[in-house]
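Q: I have a structure open and would like to go through its packing, sheets and charged pairs. Could we take them one topic at a time?

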Amino acid sequence: MAARGGCRRLPDAGDQPRRGVKATGGSPRVRFAPSPTGYFHVGGARTALYNWLFARRLGGTFVLRIEDTDRERSDDAWISGILSALEWLGISWDEGPYRQSERLPLYEKAAAELFAAGRLYACDCSRADVEARNPGRTTPGYDGYCRDRALTPGPGRALRFRTPDEGVTLVHDVVRGDVEFPNSTIEDFVVVKSSGDPLFVLAVVVDDISMGITHVIRAEEHLPTTPKAVMLWEALGAGPVPVFAHLPVLVNEKRQKLSKRRDRVSVEDYRAMGILPEAMRNYLALLGWSPADGREVLDLEELVSEFRLEDVNNSPAFFDERRLLHFNGLYIRALDEEEFLRRALPFLEPPSGPWAPGRFDRAQFERLAPLVKERVATLGEVAGMVDFLFADPFVVDDHDRATSIGRDPGARALLEQVAEGFRSCGWDAGSIRAVVTAAAEASGRKLAKAQAPVRVATMGRAVGLPLFESLEVLGRERALGRVLSALGAGAGTPAGTGPGGAAQPAGGAG
RNA sequence: GCCCCCAUCGUCUAGCGGCCGAGGACGUCGCCCUUUCAAGGCGGAAACACGGGUCCGAAUCCCGUUGGGGGUACCA
C-alpha cells in the first residue's frame, strides 16, 4: 500500500531548483503533509483531495509526507489511520510516505549551513526569561536578547533565525493574492529546539526544497507562518519559492475551525456510518470550490478535469452533515443492485449486523435490497430497515403500537380479517395487498390507513419498507404469527375475542 | 494586545461594473404522486453586514466601521 505509479526516488537535496515550474511548463509537484497527532479529519481530507486533484489534472506528482518532528505528540498508530483513510477516498500517492523523523540529518545539515552563514544564532533563553525581561510587553515574541551574544550551539541551546528588522515579506498566494507581512512583526523564531530536534518550519522548508515541491496547497492556518518559510527558503538559496495556496478552513456550526476535540470530524467515523467514499469526495470537493459550469454531482474523472486552484474561494466553509447525507443518498441510489449489495453487506453480516450471528439471511435481504436502496441516506441505516426480518426477538415499537393499534378503534377487527386472509391467500405481494385492501374496504378506510396497524404488527414500526413486498419476504408463517400475536397482546379496545388462534403466543420470532 | 485572512439566502455557493427587481443546490414550507416512509415532480419563503467614496452605472473597485475566523509555542 505504499507508492503506486510514479517513481519512488527521493530527489536529493542537491537537485537543481526547478525553475519555471511556477506558472509555465514543468509538471507540478505537490505534497500532502499531515502530522500523526490524532485521527484523520475531514479538513485534512479536503486538503489532500485538492492537492491530489491539482496534481492529477496537471499530470503532476503527489507526494505524501508524514510530519512527525514532534516526538511528544506523534504516534505511529495515527499514521496507518491516515493511510487507510486516503486509500478509502481513492487518493493515491506517487511518492512516499516519507517520514520527517527519518530525515533528521538533512535538517541538521541545513541548520549547520544557516548557522555558518550567520543566519541563525544560539539562544539559551527560557520562555520565562523573556517574559521577565519584558513584563506586559505588547508585541509578543522573542526579544532578540541572544542575537549578539555569540553563543555557541550546544545542548540546552535553541537555534533562532535572525529575521530582518525592516521591510516586508511578500507571500504570493493563489487564493488570497499577495499578502504582506511587516518583518518587524516577525520574531526571531526558533528553528532547532534546545533538544537538537528541528522544528516543523525548518523541516518543511528543507523537505519542500529537496522534494522539489512547486505548489504548497494547505490550510489557511498556515498562512501566518508562511513568511518564515519564505525567509528560510531564501536563506537556503533554494531558488524560487513555491506557489502557495491557502485553503479556507472548515468550520463548525459555531463558525470555529473544526476541532478534533469538540466536533465529530473523523473520516473514519463517516466511513463507519456508511458514507460512500465517492460521496465524501464529491462533497468535500465542493467545500471551497465549485466547477465553472455549476454542476454539483461530479465523479472522480470530472473532478479531476474540472478542478482549478484559481477557482478555490477564500471564505471559511461549514461542514454541513446534512448536505453530505444528501450527496450520499444520491450516490447510494445510483449504485446498481450488485454494487449496493457489495457495499451494504459489511454493515449487515456477522460482526456488524445488529442481530445475533446466524440470523442474517442474505437471500432474504437481496429480495428487498432494491427497496432499501431507495430509502437510505447511509449504509448504516440499512440494517434498521430490514431488522424485522432478522432481529430476535422481534420487537414492536411501543409508541407505534399505541397509536396505530391501541388507540385505533377499528384496528382489532381489521387485523382479525387480515389474519383470516393471510391463512389462505396466495403468498405474494399482490395477493397480500388484496387481503389488506379487502380488509380496508370492510372497515371503511383507505388502504393507506389500513396498512398502518398491519405494518406495526408485522414490521414493528409505523414507517418502513413497502408493506406487501416486505411481508412476502417475511413469509406467511411469521407474518400471520405476528398479526395474531398483536391481537393476543390486547390490541383493540375491549376484549373482542378474535375467532380462532387469537391466543397464539409470541408469533414473531419464527 | 499584535499580525493576518474573511464577509451574497439558515447552509454550500454562482456572480469577477451594466445580462442581478441576485441564479443553483442542501435544508425548510405547500401541493402533486403514493400501501407508510423515502425518492420524484411542481410551487413558495429566504441573502448582497454597515457607512463613505470612484463611476453614467456597484453584490462586483477603493477606504473605513462592525462582525467572524486564524496565528501569535523550543505544536503542526
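Q: Which residues touch the most other members in the largest nonpolar core?
A: This is a predicted model. In the largest nonpolar core, which has 111 residues, V42, M280, F319, F340, F365 and F422 touch the most other members.

Q: And which helix gives the most to this core?
A: Helix 1, residues 42-57, gives the most, with nine residues.

Q: What lies apart from it?
A: Another core, of 43 residues, lies apart from it; A110, L114, I186 and V201 are among its members.

Q: Back to F340: which residues does it touch, not counting those up to four places away in sequence?
A: F340 touches I332, L335, F365, A369, V372, K373, L379 and V382. Of these, F365 is also one of the residues that touch the most other members of the largest core.

Q: M280 was on that list too. How many residues of helix 8 are buried?
A: Nine of the nine residues of helix 8 (residues 277-285) are buried, and the helix is mostly covered. The buried residues include M280, and charged residues such as E278 and R281 are also among them.

Q: Changing topic: in what order do the three strands of the open sheet run?
A: The order is 4-5-8, and the pairing is antiparallel. Strand 4 (120-123) and strand 8 (190-192) are the edge strands, each pairing on one side only. On average, neighbouring strands of this sheet are turned by 45° against each other, direction ignored.

Q: How many bridges join strand 4 and strand 5?
A: Strand 4 pairs with strand 5 (residues 158-161) over four bridges, in the antiparallel sense. One residue pair to look for is Y121 with its bridge partner R160 in strand 5.

Q: What holds paired strands together in general?
A: Strands of a sheet pair through backbone hydrogen bonds, either parallel or antiparallel.

Q: Which helix lies across strand 4, strand 5 and strand 8?
A: Helix 3, residues 104-116, lies across these strands and runs at about 100° to strand 4.

Q: How many residues lie between strand 6 and strand 7 in their hairpin?
A: Three residues lie between strand 6 and strand 7 in the hairpin. Strand 6 (residues 168-173) and strand 7 (residues 177-182) pair in the antiparallel sense over six bridges. Within that pairing, L170 has E180 in strand 7 as its bridge partner.

Q: On to charges. How many salt bridges does the structure hold?
A: The structure holds 34 salt bridges. In one of them, the side chains of D68 and R99 meet, at 3.1 Å from N to O. This pair links distant parts of the chain, with D68 in the loop between strand 2 (61-66) and helix 2 (76-89), R99 in strand 3 (residues 95-99), and their positions 31 residues apart.

Q: D68 first: buried or exposed?
A: D68 counts as buried because its relative accessibility is 5%. R99, at 22%, counts as partly exposed.

Q: With which residue does R176 form a salt bridge?
A: R176 forms a salt bridge with E220, and the closest N and O atoms are 3.7 Å apart. R176 sits in the loop between strand 6 and strand 7, while E220 is in the loop between strand 9 (215-219) and helix 6, 44 residues apart. R176 is partly exposed, with a relative accessible area of 23%.

Q: What about R367 and E472: why does that pair tie together parts that are 105 residues apart in sequence?
A: The side chains of R367 and E472 meet in a salt bridge at 3.1 Å, N to O. R367 lies in helix 12 and E472 in helix 18 (residues 467-474), so the pair ties together parts that are 105 residues apart in sequence. R367 is partly exposed, at 46% relative accessible area.

Q: Which residues are linked in a network of salt bridges?
A: R31, R65, E67, R103, D207 and D208 are linked in such a network.

Q: One more charged residue, K228: what is the nearest side chain of opposite charge?
A: That is E187, 4.5 Å away; K228 is buried yet has no salt bridge. A salt bridge needs a nitrogen within 4 Å of a carboxyl oxygen, which is why this pair does not count. K228 is in helix 6 (residues 226-235), and its contacts beyond four places in sequence are I186, E187, F189 and V201.

How values were computed
Residues numbered from 1 in each chain as written. Chains lettered and ligands numbered in written order. Predicted model: local features only at pLDDT ≥ 70, side-chain atom pairs only at ≥ 80, totals over all residues. Heavy atoms only, no water. Helix = DSSP H or I, 4+ residues; strand = E, 2+ residues; numbered from the N terminus. Buried < 20%, exposed > 50% of the residue type's maximum accessible area, 1.4 Å probe, protein only. Lys, Arg positive; Asp, Glu negative; His and termini not counted. Contact = heavy atoms within 4.5 Å. Pairing = 2+ DSSP bridges. Axes fitted to C-alpha atoms, helices over the stretch in contact; angles between N-to-C directions. Core = buried A, V, L, I, M, F, W, Y, C linked by side-chain atoms within 4.5 Å.
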